[in-house]
There are 2 protein chains.
Amino acid sequence: MESRIERLCVEKGLKMTGQRRTIARVLSEATDHPDVEELYRRAAALDARISIATVYRAVRLLEEKGILERRDFGGGRARYEPTEHGRHDHLIDIDTGRVVEFTDDAHVAALQAIARQLGFDLVSHRLELFGRRRRPATERRAVADEARTAPRGPAR
Amino acid sequence: MESRIERLCVEKGLKMTGQRRTIARVLSEATDHPDVEELYRRAAALDARISIATVYRAVRLLEEKGILERRDFGGGRARYEPTEHGRHDHLIDIDTGRVVEFTDDAHVAALQAIARQLGFDLVSHRLELFGRRRRPATERRAVADEARTAPRGPAR
DNA sequence: TTAGGTGCAAAGGATTTGCGGAATT
DNA sequence: AATTCCGCAAATCCTTTGCACCTAA
């Protein structure tokens, strides 16, 4: 069967080789935000005759075509996700690196106002929250006690 | 005279060499967000016997000491600015690359609420706006007309 | 004196690219 | 058949590091 990303590739007039089909499938099935290395691993598991250079070329091409979006969550490597129509931002768990998506419709208007105030039209924005998982109530009390003694500064 | 950053270095117990003093001065005088290459250029102009490796080592050290903050505005290279107490975010002019700072105190509470709702405590965040300079009123009308005909999508 | 800094050049990690051969349209 | 793509290895770009030599404290 034809994956969603593959369909988009065809619409854009891209030549569909076996490798590209595999990469498209991996991307279509991904629910996370894999980096190139990870995409390569997943693609190679389905078809061993794929090189990482091809993966790099594919994500670059798909980004140019607007099918993929490149993200940078720190850590030096780019991460990718399929372009969606519903805009969303990301919260990164600083302990595990896990990424949670959320929508912030309520804020876009506020951001536009800020930009306008500075003399700009808002074209796009990047909002990332870095957080730490909250513990259950009992444990949370202990954490609060600890914090009162030695408050931790903002991390990064 | 002793620059502001140099004073902070001394407070942190760093050994003040000639190179480091020069870099501290360049940083103290910067009002923008230079990358390492640019810092190197400015420092070398004051003291030719500085190597770029030293600049890399200095910014890394100063970041660890909390004197500098590393920024990533895309483009592959890190950019630096002195740590300030008033928290601020950035608006990047997509046409010129110029960076404008603004404060967003009003939003922090809202961001905390979002994080909590997702089960996290907010540790820090990154907010960047990408915008385009607004034109004067007469010209703006023309732009609006144009937009009504062919609305432009969110850029990147 | 000595712990820490510096320059240089080599090493690293992520990403791109030149090239001859291969697969798609 | 023409165009586009692929694998491989070499090349690039930004950043870090090993080593032998300085220098602030």
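Q: Which residues are closest to DNA strand C, and how many surround it?
A: DNA strand C has 19 residues around it, and the closest are A:Tyr56, A:Arg77, B:Thr17, B:Arg49 and B:Thr54. A residue is near a strand if one of its heavy atoms lies within 4 Å of it. Keep in mind that this is a predicted model, where local features need pLDDT of at least 70, side-chain atom pairs count only at pLDDT 80 or more, and totals for chains, interfaces and linings use all residues. Residues are numbered from 1 along each chain as its sequence is written, chains are lettered from A and ligands numbered from 1 in the order in which they are written, and side-chain values use heavy atoms, with hydrogens and water left out.

Q: What part of strand C is the protein next to?
A: Of the atoms of DNA strand C within 4 Å of the protein, 73% are sugar or phosphate, and the rest belong to bases.

Q: Which polar contacts are there with strand C?
A: Here are some, where a polar contact is a pair of N or O atoms within 3.5 Å; within protein, one must be able to donate a hydrogen and the other to accept it, and residues adjacent in sequence count only if both atoms are side-chain atoms. A polar side-chain atom of A:Tyr56 sits 2.7 Å from a phosphate oxygen. A polar backbone atom of B:Arg49 is 2.4 Å from a phosphate oxygen. For a base, look at A:Arg57: an N or O atom in its side chain is 3.3 Å from a base oxygen of DNA strand C.

Q: Which helix gives the most to the surface near strand C?
A: That's helix 4 of chain A, with 4 residues. Helices are DSSP runs (H or I, at least four residues), as are strands (E, at least two), and both are numbered from the N terminus.

Q: OK, switching to DNA strand D. Which residues come nearest there?
A: Out of 20 residues around DNA strand D, the nearest are A:Lys15, A:Arg20, A:Arg49, A:Thr54 and B:Arg77. Sugar and phosphate make up 73% of the atoms of DNA strand D that come within 4 Å of the protein.

Q: What do A:Arg20 and A:Arg57 each reach on strand D?
A: A polar side-chain atom of A:Arg20 is 2.6 Å from a phosphate oxygen of DNA strand D. For A:Arg57, a polar side-chain atom lies 2.9 Å from a base nitrogen of DNA strand D.

Q: Which element supplies the largest share near strand D?
A: Helix 4 of chain B, with 4 residues.

Q: Which residues of that helix 4 of chain B are buried?
A: B:Val55, B:Ala58, B:Val59 and B:Leu62 are buried (under 20% relative accessible area; exposed is over 50%, partly exposed in between, using a 1.4 Å probe and protein chains only). They cover an arc of only 95° around the axis, so they are on the same side of helix 4 of chain B. That arc is taken from the directions from the helix axis to the C-beta atoms.

Q: And what's on the face turned away from the buried side?
A: That face of helix 4 of chain B carries the exposed residues B:Arg57, B:Arg60 and B:Glu64.

Q: Last one: where is B:Asp35, and is it buried or exposed?
A: B:Asp35 is in the loop between helix 2 and helix 3 of chain B. B:Asp35 is buried, with a relative accessible area of 15%. Its side chain reaches the backbone nitrogen of B:Glu38 at 2.8 Å.
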